[in-house]
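Visitor: I have not seen this structure before. Please take me through it by question and answer.

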Amino acid sequence: MPELKSDREIAVMREAGRLVAEVLELIGRHIAPGVSTKELDTLAEDHIRSRGAIPSFKGYRMGGHAFPASICASIDEVVVHGIPSDRTLVEGQIISIDVGTTLNGYCGDGARTYAVGAIDPLKQKLMDVTLAALQAGIAKACIGKRLGDISAAVQQTVEANGFSVVRDLVGHGIGRRMHEDPQVHNFGVAGTGPLLAKGLVLAIEPMVNAGDYKILFKPDGWTTVTVDGSPSAHFEHTVAITENGPEILTVI
Ligand code: MG
């Protein structure tokens, strides 16, 4: 059963979420051709630690691989979990940055996709649709709705625009741990799944491919790419379900 958070816990998570949003704003001011993803990672880590928080992704383990950096930096056909490196950004790329923070024992998780300089109309539409899908999902994060309502809203928004949602990666509950129950699929059937209750906190994160939904994992154990090489976008917010509707915690 998903753990429900008290108002006090959500207040702590609001601070962790605000820090995520600060980092995403900071990175947005530095995205430009010629900047390496490692430089962005250093900016993020320094800012997170300056607030007495921990970059949650650094050392995070999945299948025996510890993630070596504080952000995920995923360019073009990389869907998520790209590892920062000396690779520099090039005009026309899109890059998704995913940030996790742990502050006073609670986590925040958010992601945004940025354009590097001028991009082609397909990539712009992909980013716009992915953000719209996130917003459509968040709008369903209300007491009395069901988890499938969020999933279906995301999927419908994406597919109505001719793109596809990644099936093999999901959003998640979040709290003291970065990844808690329930899994939040980006596809599903409205009116199905568990009822959403006050105090449930979810990281909702559509990952959207311009082409086919199939992905594969690179041998580094992290980097996830589209099989057909099409570009992919990713937006994520940590969202608390409250008596007043959805509250986005990853905002400044
Ligand atoms: Mg997440």
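Visitor: Leaving aside neighbours within four places in sequence, which residues is His-237 in contact with?
Guide: This is a predicted model. Residues within four places of His-237 in sequence are set aside here. The contacts are then Asp-109, Leu-134, Ile-138, Leu-202, Ala-203, Ile-204, Ile-248, Thr-250 and Val-251.

Visitor: With which side chain does the side chain of His-237 make a polar contact?
Guide: His-237 belongs to strand 16, which covers residues 237-242. Its side chain makes a polar contact at 2.7 Å, and the partner is the side chain of Thr-250.

Visitor: Which residues coordinate the magnesium ion?
Guide: The donor residues are spaced D-x62-H-x32-E-x30-E in sequence. They coordinate the magnesium ion at 2.2 Å, through OD of an aspartate, NE2 of a histidine and OE of two glutamates. By name they are Asp-109, His-172, Glu-205 and Glu-236.

Visitor: How many residues apart are His-172 and Glu-236?
Guide: His-172 lies in strand 9 (residues 171-173), while Glu-236 lies in the loop between strand 15 (232-234) and strand 16. The pair links distant parts of the chain, and the separation is 64 residues.

Visitor: Are His-172 and Glu-236 buried or exposed?
Guide: Buried means under 20% relative accessible area. His-172 and Glu-236 are both buried.

Visitor: Which element gives the largest share of the largest nonpolar core?
Guide: This core has 26 residues, and those touching the most other members are Leu-126, Ile-150, Val-158, Phe-163, Leu-202 and Ile-204. Two or more residues come from each of helix 3 (121-139), helix 4 (147-160), strand 11 (201-204) and strand 16. The largest share is 6 residues, from helix 3.

Visitor: What does Phe-163 touch, not counting residues up to four places away in sequence?
Guide: Phe-163 is one of the core residues that touch the most other members. Once residues up to four places away are left out, its list is Leu-122, Lys-125, Leu-126, Val-129, Val-158, Val-208, Asn-209 and Ala-210.

Visitor: Which strands stand at the edges of the open sheet?
Guide: The sheet has 3 strands in the order 5-14-13, with antiparallel pairing. Each edge strand has a single partner, so one side of it is left without a neighbour in the sheet. The edges are strand 5 (78-80) and strand 13 (215-217).

Visitor: Which residue in strand 14 stands opposite Leu-216?
Guide: Strand 13 is joined to strand 14 (residues 224-226) by 3 bridges, and the two run antiparallel. Opposite Leu-216, in strand 14, stands Val-225.

Definitions and conventions: Residues numbered from 1 in each chain as written. Predicted model: local features only at pLDDT ≥ 70, side-chain atom pairs only at ≥ 80, totals over all residues. Heavy atoms only, no water. Helix = DSSP H or I, 4+ residues; strand = E, 2+ residues; numbered from the N terminus. Polar contact = N/O pair within 3.5 Å; in protein donor to acceptor, adjacent residues only side chain to side chain. Contact = heavy atoms within 4.5 Å. Pairing = 2+ DSSP bridges. Donors = N, O, S within 2.8 Å, 3.2 Å for Na, K, Ca; no water. Buried < 20%, exposed > 50% of the residue type's maximum accessible area, 1.4 Å probe, protein only. Core = buried A, V, L, I, M, F, W, Y, C linked by side-chain atoms within 4.5 Å.
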